[in-house]
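Hi,

Here is the structure I promised to pass on to you. Have a look at it first, and then read on for my notes.

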Amino acid sequence: MDLYMMNCELLATCSALGYLEGDTYHKEPDCLESVKDLIRYLRHEDETRDVRQQLGAAQILQSDLLPILTQHRQDKPLFDAVIRLMVNLTQPALLCFGSVPKEPSLGHHFLQVLTYLQAYKEAFASEKAFGVLSETLYELLQLGWEERQEEDNLLIERILLLVRNILHVPADLDQEKKIDDDASVHDQLLWAIHLSGLDDLLLFLASSPAEQQWSLHVLEIVSLMFRDQNPEQLAGAGQGRLAQERSTDVAELEVLRQREMAEKKTRALQRGNRHSRFGGSYIVQGLKSIGERDLVFHKGLHNLRNYSSDLGKQPRRVPKRRQAARELSTQRRSALNVRLFLRDFCSEFLENCYNRLMGSVKDHLLREKAQQHDETYYMWALAFFMAFNRAASFQPALVSETLSVRTFHFIEQNLTNYYEMMLTDRKEAASWARRMHLALKAYQELLATVNEMDMSPDEAVRESSRIIKNNIFYVMEYRELFLTLFRKFDERCQPRSFLRDLVETTHLFLKMLERFCRSRGNLMVQNKRKKRKKKKKVLDQAIASGNVPHSPGELEAVWPALAEQLQCCAQDPELSVDSMVPFDAASEVPVEEQRAEAMVRIQDCLLAGQAPQALTLLRSAREVWPEGDVFGSQDISPEEEIQLLKQILSAPLPLILTLSIGQEGQEEQGAEEEEEEDEEEEELQVVQVSEKEFNFLDYLKRFACSTVVRAYVGLLRSYQRNSAHTNHCVVKMLHRLAHDLKMEALLFQLSVFCIFNRLLSDPAAGAYKELVTFAKYILGKFFVLAAVNQKAFVELLFWKNTTVVREMTEGYGSLDGGSSSRRAPTWSPEEEAHLRELYLAHKDVEGQDVVDVILAHLNSASRTRKQIIHHLVRLGLADSVKDFQRKGTRIVLWTEDQELELQRLFEEFQDSDDVLSNIMKNITAKRSRARIVDKLLALGLVAERRELYKKRRKKLAPSSLSNGEESLKDVSQGNLEEEEHLPEEESDEDEEKGQGSEAEQVQGSSFLSTENLGQSLHQEGFSAPLLWLQNCLIRVANDREEDGCSQAVPLVPLTEENEEAMENKQFQQLLCKLGIRPPASEQETFWRIPAKLSPTQLRRVAASLSQAEEEKKLQPELEPKVPGEQGPNEEHCKEHRAQALKALLSARKKKAGLASSEEEETPGGNEQLKVAPKKRQLLDSDEEQEEDEGRNRAPGIQKKKRFQIEDEDEND
């Protein structure tokens, strides 16, 4: 459809509106219905906005709607409908189409709609239209909130939207062709707003607390009013020309005059005696043409200077996606009367409205009451009005709402968000870049205002500035912001004005930071570091930190000297607890882990002989973690403190226990250290927050990289168009890098030298004295270096980093031997040949590692295993680094002879007590214990791993009372030794149970103290809770064996007796020693059995509880009687005691999973041991009553019932 031919329905509707006769508009009777029909047509227009274009071509707004608006204001329904229609027609083109169309057809429609909008803007530039809008708005605002109806609020919002839409229309620069100080259409519109009094209504809306709902509308209108204005120029309007402005204009005129004089001189030199047709031809020696001959030049000699090989070539076309971003914002100087009106408006706005309006808008933004991207108006207003306040008469109180650390944080957050969105949302990267530019301008103005506060004569203002700077410079994000923006600068999305503002803001920040550091002796700043934690063995960390395990003999030898020091320190009243803090307040490590670290720190102090520090740490930790009495109770005596420190000194803490693994485990871990980095490991990134002393030069070194230097050089390339301040900022930063950091070689680049050449040959070079001086300084340094390093000329072709700069100045290869360099030394051809020869000679040798052989025979001692492996892959001698991975004892494949040897050794030693150890001692090719066990299982020589366990010899039954007591002692000690050796066997059996072995060793070391706690709890009447705890442990062990998986199980006391026990401190101490975890946070209520405890460990813990009770019961029977009171049944009692001991030991072995079926049968006591019930249930208080009823039974039967707590389903 031809859009210039109006639709018949639209034409009829528009004809029914009315007609204009002279200056009077006569409306038709159906005028209101026609306006509503036009609104309905606009609602159903297509994607080309055909209805909008036809109404614009017919000039309906200029010829009909505006006359109705101005002459028929009394008809309220018609007035409201016309306002609705005008808001729809003046809607911005970007909102109509969503975005700038990329298709040529839609792009044409977009430009056509924009043209009609510009015509609407010109039509509105009259006092009459804005006068009607101003009067209507004034009448509506006179109504109180209780009198104002919903229709009134809608009309207020539509009037504000209409003003916003008209001001939003961009100027048509090609059509207007206005110069500075001339009134453009936008200026005429602003003057009409001023004459109508609408500006006063806007100030009222901004300052009235009752009209906060219109805050964002008012701020948007104000931002559009000052769209093309410069705040510094606006602040100086009407005050005459300042001396600085006059000097700037004189300097610009002098530059133009010098260039003009240079051009005249050049033209005068070009005039020869003969005309140009007979200029002659010349041969330029040393300059080759297309072939091998010298270049022939067919013009005069005066043109030779301008010769270039690019003359006559067609310029290379740059793709659209790689073209530099264009500048969209322009600034112009309006007519003087408009500038004066705007200056007065700004002054009144700052005095009466700024703080309240900005606070209201900030509240809307934080509560998400605003529309998307409305924060850009907030940032524009912040930058504009703070700059105006700084340039007019600086009063910090007028902008106090936005002069805070919270505002810095808000701007930095949005700036970072825009930066991240620009990198991810590539289709809208230009829009995100514009928003990021607004945020950067706001950040720049905040810094400039704080810098201006430093020069205030008021001491309170200077102190406020110091506090703000102290907070800004302390936080790492504010310091790292500029580095991030420089490194990710993209000229395809971000225009040159963004780079200019970034350079000027960085210059201001560095100047403030440097001055702040000089005024302070030292500056402490926050430092955040992302640390990658790899899931490695604790052995590596212990060896790296020098924490070597000590034997019990060494600890006993050290203790007397420590005890003497501790006794002196314990009696010292001047020992301060506050001198040492047992935790890191800035760390994000949970409190439980920090408590463990505090325990390790106390042990480290004792091992280092620092007794006072250890005692102070213990007391400080007791105050920080009083729960559970882990570091002693609050009323602990000095003697008990010393005993507690002795226990901590000899305690097998996790960091040290990990080192007690056998030699085979150490070999395997050492081999894993040298494996390839690409091996899959679980990595966790932990942000470590700490404080450090700030060094300005170290911070400046962060800018010494090629990306930052290239951005500065790109801005320096347009030095003729830059302002003097911009050129100063560029040269100052480059001077900091070259002179202060001694890195002149960073600027040894050909493009930089081309700029210097253009600068030095510029006729107006006198106006750029700072640039010329710096260029001469850099060139002088280069030629000094080139006299020593001839490769410097080649280095001009490349951008350089700090490492290359050091090599250029100190010599190539000078960093290879340094400890700070991570670069591997290069391989010479001789070394590569030797490496190839060694590899081919030893790669097929069985029983040895080829890389270890190469390391032993290689001449260079600085090579590592990893470097050799990587170079073998690079030479093509190996397919992957995984071919050289070694685990355990390095041998993976079994040959046929090795399998026969293993079979022979197994048959030879299968009847011995320790089959596996004998095989490992006699086998030829040494392998780890786990590899041999796996191979025996694969060959079918054993059915399960249990058959390879070390066999325990049976103890003889005691024959007398004294022998029985000694046997009890020996057997219990031997059983404890078995328990201590069990984790080692399990770690040898299966290498993946390292953590479980740690827990077992910790529990094994705490059995003796567990017995004492259990006896004391029995004496206090906690027998039933102990039985309940024992049954819970066994039940969890059985569940974990059946399910094959484990998780933390809570201990839920269901009786009052058990609840009282769980609240008892001594009972809680027993739970801690057994490895049961207390509630980790407020969300947890019950103690939990950890998931890391295996069924074997749980049964051993349950057995330790019963051992304390059993020994207590056996003690009266085992005590020798008075000789005169011994009865005739003495021999019978001895037999019962011996059988009770056998039952006790058999039950404990059975719970720990160590007793075999053969050992359970004891000669002479079979009848008593058969009294166990068919099905064992978990014991509770009811079962305890059953036990009370049967206490008169034989001792053997009673002990059997108390210790055999198991299910017969296990045997099934």
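Let me start with one residue in a loop: Q59 counts as partly exposed because its relative accessibility is 44% (buried means under 20% relative accessible area, exposed over 50%, and partly exposed in between, with a 1.4 Å probe and protein chains only). Before more detail, please note that this is a predicted model, in which local features need pLDDT of at least 70, side-chain atom pairs count only at pLDDT 80 or more, and totals for chains, interfaces and linings use all residues. Residues are numbered from 1 along each chain as its sequence is written, and side-chain values use heavy atoms, with hydrogens and water left out.

**Backbone angles**

Back to Q59: its phi is near 55°, a positive value in a residue other than glycine. You will find Q59 in the loop between α3 (50–57) and α4 (60–71); helices (H or I, at least four residues) and strands (E, at least two) are DSSP runs, numbered from the N terminus. K742 is not a glycine either, and has a positive phi of about 60°. The loop that holds K742 runs between α33 (724–740) and α34 (750–760), and K742 counts as exposed, at 59% relative accessibility. For context, most residues other than glycine have a negative phi.

**The chain overall**

The protein chain contains 55 helices and eight strands. It has 1212 residues, of which 43% count as buried. Among its contacts (heavy atoms within 4.5 Å) with a separation of 6 or more, 74% are between residues 24 or more positions apart. About 67100 Å² of the protein chain is exposed, and carbon and sulfur atoms supply 49% of that area (accessible areas come from the Shrake-Rupley method with a 1.4 Å probe; for residues, only the protein chains shown count as cover).

**Nonpolar cores and a patch**

A nonpolar core here is a set of buried Ala, Val, Leu, Ile, Met, Phe, Trp, Tyr and Cys residues joined through side-chain atoms within 4.5 Å. The largest one has 193 residues, and F124, F226, F385 and F703 are those with the most contacts inside it. Helix α20 (residues 429–453) gives the largest share of this core, with 13 residues. If we leave aside neighbours within four places in sequence, F124 touches L61, L66, M86, A129, F130, L133, L162, I166 and L189. There is also a second, separate core of 26 residues, which includes W1028, A1037, L1098 and V1101.

On the surface, L750, V794, L797 and F798 make up a nonpolar patch with about 380 Å² of accessible area together. Patches are made of residues with over 30% relative accessible area and no salt bridge, where like charges are joined within 9 Å and nonpolar side chains (Val, Leu, Ile, Met, Phe, Trp, Tyr) within 5 Å. Of this patch, V794 sits in helix α36 (residues 792–795).

**Salt bridges**

How many salt bridges does a search of the whole structure find? The count is 31, where a salt bridge is a side-chain nitrogen of Lys or Arg within 4 Å of a carboxyl oxygen of Asp or Glu.

- D80 and K76 pair at 3.2 Å, N to O. Both belong to helix α5 (residues 76–89), four residues apart, about one turn of the helix. D80 counts as buried at 18% relative accessibility, whereas K76 is partly exposed at 40%.
- E899 and K935 pair at 2.9 Å, N to O. E899 is in helix α41 (residues 896–909) and K935 in helix α43 (residues 929–939), so this salt bridge ties together parts 36 residues apart in sequence. E899 is partly exposed at 25% relative accessibility, and K935 is buried at 17%.
- R904 and E908 pair at 3.8 Å, N to O. They are four residues apart in helix α41, about one helical turn, and R904 is partly exposed with a relative accessible area of 46%.
- E45, R49 and R52 are linked in a network of salt bridges.

**A strand pair**

Strands β3 (residues 282–288) and β4 (residues 294–297) run antiparallel and are joined by four bridges; two strands pair if DSSP finds at least two bridges between them. V284 has L295 in β4 as its bridge partner, and the hairpin from β3 to β4 passes through five residues.

Happy exploring, and best wishes!
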